[in-house]
Structure formats: structure tokens, C-alpha cells
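Thanks for making the time this morning. I would like to walk you through one model, so please have the sequence and the structure open in front of you.

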Amino acid sequence: MAVVGITVLALPLVGLVQRAPWTSLGDLLGRRPVLESLRVSLTVSLVTAGVVLVLGTPLAWVLARVEMPFRRLVRALVVLPMVLPPVVGGTALLFALGRRGLVGQWLDRWFDVALPFTMAGAVVAAVFVALPFYVVTVEGALRTTGDEMEGLAATLGAPPLTVLRRVTLPRLVPAMGAGLALAWARALGEFGATITFAGNLPGRTRTLPLATFQAMESDPEAALALSLVLLAVSLAVLIPTRNRWLPTR
Amino acid sequence: MSDPRVDAPTIATTVLAPGTVGAPPAVDLAGHTSVGDLTLDVRLKVRPGELVAVVGPNGAGKTTLLRLVAGLVALDAGSLSLGGRVVDDATSSGFVTSHRRRVGWVPQDRLLFDHLPVAANVGFSPRATPERVAHLLAELDLVDLADRRPTDCSGGQAQRVAVARALAGAPDVLLLDEPSTALDAESRRRIYHLLEDGERPATLLVTHDPGEAAGLADRVVELATGQVVGDAP
């Protein structure tokens, strides 16, 4: 059964690589729509990674270290987007932040800000699905490194800010890197929430996955080339997260 | 409090070494605290330079006693003074945090900073001077390991690093939690030698090993279910 399991996972990849148009790959990837969606994807995913870092670190800290009521509920809320179908997330975002949404109508009225069908909207959708990956990773690390190490640093005479700077953060960096890589990969591959909330506008919200889907209809070879790019990125992400997912020895 | 011997003030202050008469006790604890299922209720005085072994079964509160002195656990009632300074007073809610107490804590699982090399571990304390760090590295035979990561050290080496790190900050009170578990003979000899040194701070040594307690300590305090049930030289 294990062999069947491996086959189920490996076969599609073999199929992809076997059918890949290796000779014309350079040409296919050099086309304007491809480059455009690559640019959109990189912009959206990198901005997302930045937002995830800024929002996710304090959130992970609070979840791991602060005693509070309803912590289990908050934690369930944080993890929910990991199991929620992304298209549901996109729909929810539309009803919350859309022009007539719960918050969106005020954004529109007071600040003249409209998120749907913009690159900023694509970022919001990507943050929604990617944030949990970072928070869960960093929270886990904060739990396992524990207060004990920080308590020990304090007994040595280190004031709280020194403990944060010299013990907590340095020990957290590997987990932050791994969490960011996972979140970034998730943001790069995001499809359902993006197409629902931000649409599929070339040069603005048409990311690599959307372009791949689009290309399947008209130009399967281009779709294969785009898929290879996304596959390569996914493999690259395994490198900084290898201690988490792959045996080291 | 159930043991009348503990309440007698003569117990803790019986024999004072010459030169320490009049000096406030390095540790002066009378109070109780609850951690999980355990209620620790202890009166204990330790003179400057005195080495007190703390023995007792698992769950007796030995580690909690050390954490209390280190400032990682607070008293529910009573007070704790270190070197004459009140650092925890449950009635006035006065609590001096760990980093303002001069203690050196060597926990049972050592808790070395894996992201820092051995020398930086030993020199971590803001109170550590380069001379003191160099002296301790030499005394505990750690000079050759100075640039190594703690993860590349053997159990005995790591234990010596933990002891050196605790001593580098020139603590007034040294707290050793089972320092000789998983310790090779050479590491044990080096650490003992350092503790037999006249310069040592007041020391609370938690141990399972009766030989270690008898061989090193000026006094042996026995804990059971959070209370002192024995206190003898």
C-alpha cells in the first residue's frame, strides 16, 4: 500500500516532467503574458510574506505565551483558513471587504479604497490563506523553546529586552524562516481565494496559478511550462524547511 | 511547619563560620508557594559560602525550592531575602525579578544557548568579566571547546559549561540541580574542585546521591512533600 501511496503522489509529477516542452521552455517562459503573471505573482507573494511576518509574529507570540480567555477559540480561528476551501475564503472576503461588504463599504466611502479586483486585494486573499502556516510554525517553536530558556537568561542578569534580543529572537529565526517559506509558497500557489476576491485581471491579479489555469484552455504547452516553474519553486521551499519536513540524516 | 525542628531558629544559625558572624544570611526563606500539586512550605537559612545539599524523593519540591530562590516562582505567603535584601515578600507584593537577583542557576536539563558558542554561553551574563570567563574556562577545562556549539559537546562538557555560565556572573547564591547526573568522573572532579574552593558563593545543591551530599555539603537538608523533614550537618 505504501508503494501505491508513493505512486499516487509521484505519478502526476512524472507526467508533468515527461510531457514538459523542454526544448521550447525558454521561449514559452519568455512570452509576455507569462512574464506578466510572474511579476504579479512575485509582487503579491513577497508583499504577502512581509505582511505575514509583521502580523504573524506577534500573533504567534500571543498564542504561545499569553494566558487569555477563549485561547482555543482564537487558535481555531487562526488555523481555520488551512482547512477552509480557499474559494470559501474568497467569498467570505468579498462579503467582508467587498464594496458592499461589512467593512468594505466604509473603506470605500471614507477612504475611497476598494480592494476587490486589485493587486492589494490579491495580497489580502493570499495573506488570509498563508498567515496560518507562519503562525503555526512560529508558535510551535515558541512553545518548544519555552519560557525556561528565557528564565535562565534572566537569572544570569539579562533584562527582558536583552533576553528578547539575545535569546528569544535568535532561537526563533530558523522557525521564522521556515514559516515564511511555507507561507510564501502557499501565497504563490494561491488560486481559489484570489480568483473569487481579486479576479483574474492580466497584469494586476492574474498570478502564475491563474495564468496556468487560463493557459490550459488555449495553450497547454505554456501551462506545462508555468507548472514547471511552480514545481521548481515548491522544491526550493523545501530547502529552508527541510528540518521540519525531511529527515536530516 | 509541621516539623517542630524547622521552627526552631537555632537550627539554621547554629554554627557560624568565623568571619561571617553578623553578615546577613545569603538565603533567608520562610514561606510557602504552590506549584501544581505541590505546596512547598519551607524555612531555610544559608550562610555566605555555605554549601547546603538538598535531598529528598521525586516531587519533594527540591527543584521548586531552587526556582523560588532564582525568582522563577513567587511566594504565596512569607518572604525571601538574599544577602539581607528582601527579594520576595508576599504581604507587600514586593518581588525582585530574576535579573536583579544575584543568583546562578544550573537547571537539571542545563538549558544551554544552542545558538551561541561555548565561550559566549559562559560569558552571557552582563555581570561576567572577560577575566572571570577566561578563568572559569580554564578551571573547567573548556578552553579547547570555546568556539564549539553546545550541541557538539558531550553531556559532561555541557554540564561544565552550564556551571561556568552560572558562576561567571559572580552570583551570591549558586543553585545546582542534580549537577552530577550524566557526569563523567573528570567533569565531576573539576566541578567539585571548584565548589571546594574557598571563594564559592552560598550554594544549594539538589542531589539524589547521598555520597555527593555527604562529601561536599556543610549541611544536608531533607525535603519531603514540600516540607523540611531533616536538617543536619
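How many residues does the contact take from chain A, and how many from chain B? Keeping in mind that this is a predicted model, the contact takes 14 residues from chain A and 18 residues from chain B. On the side of chain A that touches chain B, helix H7, residues 119–155, and helix H8, residues 160–189, each supply at least two residues, and it is H7(A) that gives the most, with 7 residues. If we sort that side of chain A by class, we find 9 nonpolar residues, together with 3 polar and 2 charged ones.

Let me step back to chain A as a whole. Chain A has 12 helices and 0 strands, and its C-alpha trace spans about 65 × 55 × 35 Å along the principal axes. Of the 249 residues in chain A, 37% are buried. When we take the contacts in chain A between residues at least 6 apart in sequence, 75% of them join residues at least 24 apart.

One pair of residues in chain A shows such a separation along the chain. A:Val17 is found in helix H1, residues 2–19 of chain A, and although A:Leu224 is 207 residues apart from A:Val17 along the chain, the C-alpha atoms of the two are separated by 8.5 Å. Is A:Val17 buried or exposed? The answer falls in between, because A:Val17 has 13 other C-beta atoms within 10 Å, and is therefore partly exposed, given that a residue counts as buried at 20 or more and as exposed at 12 or fewer.

Turning now to chain B, I would like to look at one helix in some detail. Helix H7 of chain B, residues 185–196, has 12 residues and reaches 16 Å from its first C-alpha to its last, which is close to the 16 Å expected at 1.5 Å a residue. Which residues of H7(B) are buried? They are B:Ser187, B:Arg190 and B:Ile191, and, seen down the axis of H7(B), the buried residues fall within an arc of 90°, so they line one face of the helix. As a general reminder, an α-helix has 3.6 residues a turn, so residues three or four places apart point the same way. The buried residues of H7(B) pack against helix H6, residues 155–168 of chain B, whereas the face turned away from that buried side carries the exposed residues B:Ala185, B:Glu186, B:Arg189, B:His193 and B:Glu196.

Methods. Residues are numbered from 1 along each chain as its sequence is written. Chains are lettered from A and ligands numbered from 1 in the order in which they are written. This is a predicted model: local features need pLDDT of at least 70, side-chain atom pairs count only at pLDDT 80 or more; totals for chains, interfaces and linings use all residues. Helices (H or I, at least four residues) and strands (E, at least two) are DSSP runs, numbered from the N terminus. Two residues are in contact if their C-beta atoms, placed from the backbone, lie within 7 Å. Ala, Val, Leu, Ile, Met, Phe, Trp, Tyr, Cys and Pro count as nonpolar, Asp, Glu, Lys and Arg as charged, and the others, Gly among them, as polar. The expected span of a helix is 1.5 Å times one less than its number of residues. The arc is that of the directions from the helix axis to the C-beta atoms.
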